[in-house]
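Me: Hello! I am new to this structure and would like to walk through it with you. Could you help me read it, one question at a time?

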Amino acid sequence: MSITIYEKDQYEGIKLAGKIAGEALDLACRSVKPGISTWDLDKIAEEYIRSKGAIPTFKGYMGFPASLCTSVNHEVVHGIPNKNKILKDGDIISLDIGATVKEKFNGKEWNYIGDTARTVPVGEVSQQIQKLMKDTNDSLFKGIEFCRAGKLIKEISTAVANIAIEGEYGIVRMFGGHGIGPEYHSEPFIPNWPEYFTQNKDTEIKAGMLLCIEPMFNLGSDDVRKLKDNWTIVTADHKLSAHFEHTILVTDDGSYITTKI
Ligand code: MG
């Protein structure tokens with residue numbers, strides 16, 4: 001797997017995919033309320049993406065059965081929407097969505113993908129939980145500051161991790177950010193912990209790279225488990241977890257957050 005470097009003439013298609021993903025996520029987040037099922041949220045997001053002529057990236061990806069990942073409370077990522085999973089006042093839910101735009105470029109069919117996630121409260125939550133969500137989101141934007149040509153991936157990892165260390169959160173290590181190629185997940189891996197690079201090679205960031213930064217912070221330990229459904233990741237201690245993500249296009253003069261609306 002190599003890192004895709006996009007050409008400038010592809011940037012509009014990439015931005016469009018990000019915009020559709022960002023809008024679908026925002027719509028799903030605004031639909032979150034006590035009494036709604038995670039299945040309903042999936043349908044809302046999928047219908048929006050298809051209404052824009054795009055394709056839900058996650059549906060069928062490695063066999064994932066839905067368009068939206070819906071991870072409630074101690075579920076970290078990759079929760080599967082379910083008609084029987086009804087949100088209650090005081091829950092939190094992490095929503096993660098991808099949108100694919102197909103476009104011909106230089107005689108070849110390309111997939112341009114936007115990938116974005118956000119954790120939102122269902123009704124009222126405590127100040128501690130609000131802080132968990134705010135700190136995780138802040139760490140995403142700290143990481144984005146280092147997402148520029150000439151920087152190293154480790155600088156993103158360090159910026160994200162410093163906020164987790166300050167807040168005494170567990171940093172999920174099994175998953176992290178990533179590049180986005182035409183087949184979705186690609187190199188480079190963007191861990192939320194810089195120690196990763198004591199054993200692994202770092203990558204210099206270049207213009208034309210499309211990168212996802214996605215911190216996942218836990219109120220308790222960093223230890224996570226995969227459930228028997230083979231998808232849902234949960235915290236081992238069942239404490240709450242938050243997840244925020246944006247897709248960032250590295251340009252000659254900085255970067256562009258494609259999924260921010
Ligand atoms: Mg991602």
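Me: Is the crossing of α3 and α4 left-handed or right-handed?
Reply: Happy to help, and please keep in mind that this is a predicted model. Helix α3 covers residues 127-145 and helix α4 covers residues 153-167. The handedness of their crossing is right-handed.

Me: How are α3 and α4 oriented to each other?
Reply: The two helices, α3 and α4, pack with their axes 8 Å apart, at an angle of about 155°. Angles over 145 degrees count as roughly antiparallel. That is why α3 and α4 are described as roughly antiparallel.

Me: Which strand does β9 join through 4 bridges?
Reply: Strand β9 spans residues 210-213. Strand β7 (residues 177-181) runs antiparallel to β9 and is joined to it by 2 bridges, with Gly-179 opposite Leu-211. On β9, Ile-213 stands opposite His-246. The strand joined to β9 by 4 bridges, also antiparallel, is β14, residues 246-251.

Me: Are the side chains on the two faces of β9 buried or exposed?
Reply: In a regular strand, side chains alternate between the two faces of the sheet. In β9, Leu-210 and Cys-212 lie on one side, while Leu-211 and Ile-213 lie on the other. Both faces are covered, and these four residues are all buried.

Me: Which strands stand at the edges of the open sheet β3-β12-β11?
Reply: This open sheet has 3 strands, and the pairing is antiparallel. Each edge strand has a single partner strand, so one side of each is left without a neighbour in the sheet; these strands are β3 (75-77) and β11 (224-226).

Me: Which residue of β12 stands opposite Glu-75?
Reply: Strand β12 takes in residues 233-235 and pairs with β3 over 2 bridges, in the antiparallel sense. The residue of β12 opposite Glu-75 is Val-234.

Me: How many aromatic pairs are there in the whole structure, and what kind is the pair of Trp-110 and Tyr-112?
Reply: A search of the whole structure finds 10 aromatic pairs. For Trp-110 and Tyr-112, the ring centres are 6.2 Å apart and the planes stand at 20°, so this pair is stacked. Trp-110 counts as buried because its relative accessibility is 12%, and Tyr-112 counts as buried because its relative accessibility is 0%. To sum up, the count is 10, and the pair is stacked.

Me: What kind of aromatic pair do Trp-193 and Tyr-196 form, and which residues make up their cluster?
Reply: Trp-193 and Tyr-196 are both buried. Their rings lie 5.6 Å centre to centre with 85° between the planes, and the pair is edge-to-face. Ring pairs link them into a cluster whose members are Phe-189, Trp-193, Tyr-196 and Phe-197.

Me: Which ring does the charged end of Lys-15 sit over, and which one does Lys-43 lie over?
Reply: Lys-15 has its charged end 4.3 Å from the centre of the ring of Tyr-256. Lys-43 is at 4.9 Å from a ring centre, over the face of that ring. The rings are Tyr-256 for Lys-15 and Trp-39 for Lys-43.

Me: Where is Ile-93, and is Ile-93 buried or exposed?
Reply: Strand β4, residues 92-105, is the place of Ile-93. The C-alpha atoms of Ile-93 and Ala-159 are separated by 25 Å, with their positions 66 residues apart along the chain. Because its relative accessibility is 0%, Ile-93 counts as buried.

Terms used: Residues numbered from 1 in each chain as written. Predicted model: local features only at pLDDT ≥ 70, side-chain atom pairs only at ≥ 80, totals over all residues. Heavy atoms only, no water. Buried < 20%, exposed > 50% of the residue type's maximum accessible area, 1.4 Å probe, protein only. Pairing = 2+ DSSP bridges. Phe/Tyr/Trp six-rings, centres within 6.5 Å; stacked < 30°, edge-to-face > 60°. Lys NZ or Arg CZ within 6 Å of the ring centre and 35° of its normal. Axes fitted to C-alpha atoms, helices over the stretch in contact; angles between N-to-C directions. Parallel < 35°, antiparallel > 145°, perpendicular 65-115°, else oblique. Left-handed = near helix turned anticlockwise from the far one by under 90°.
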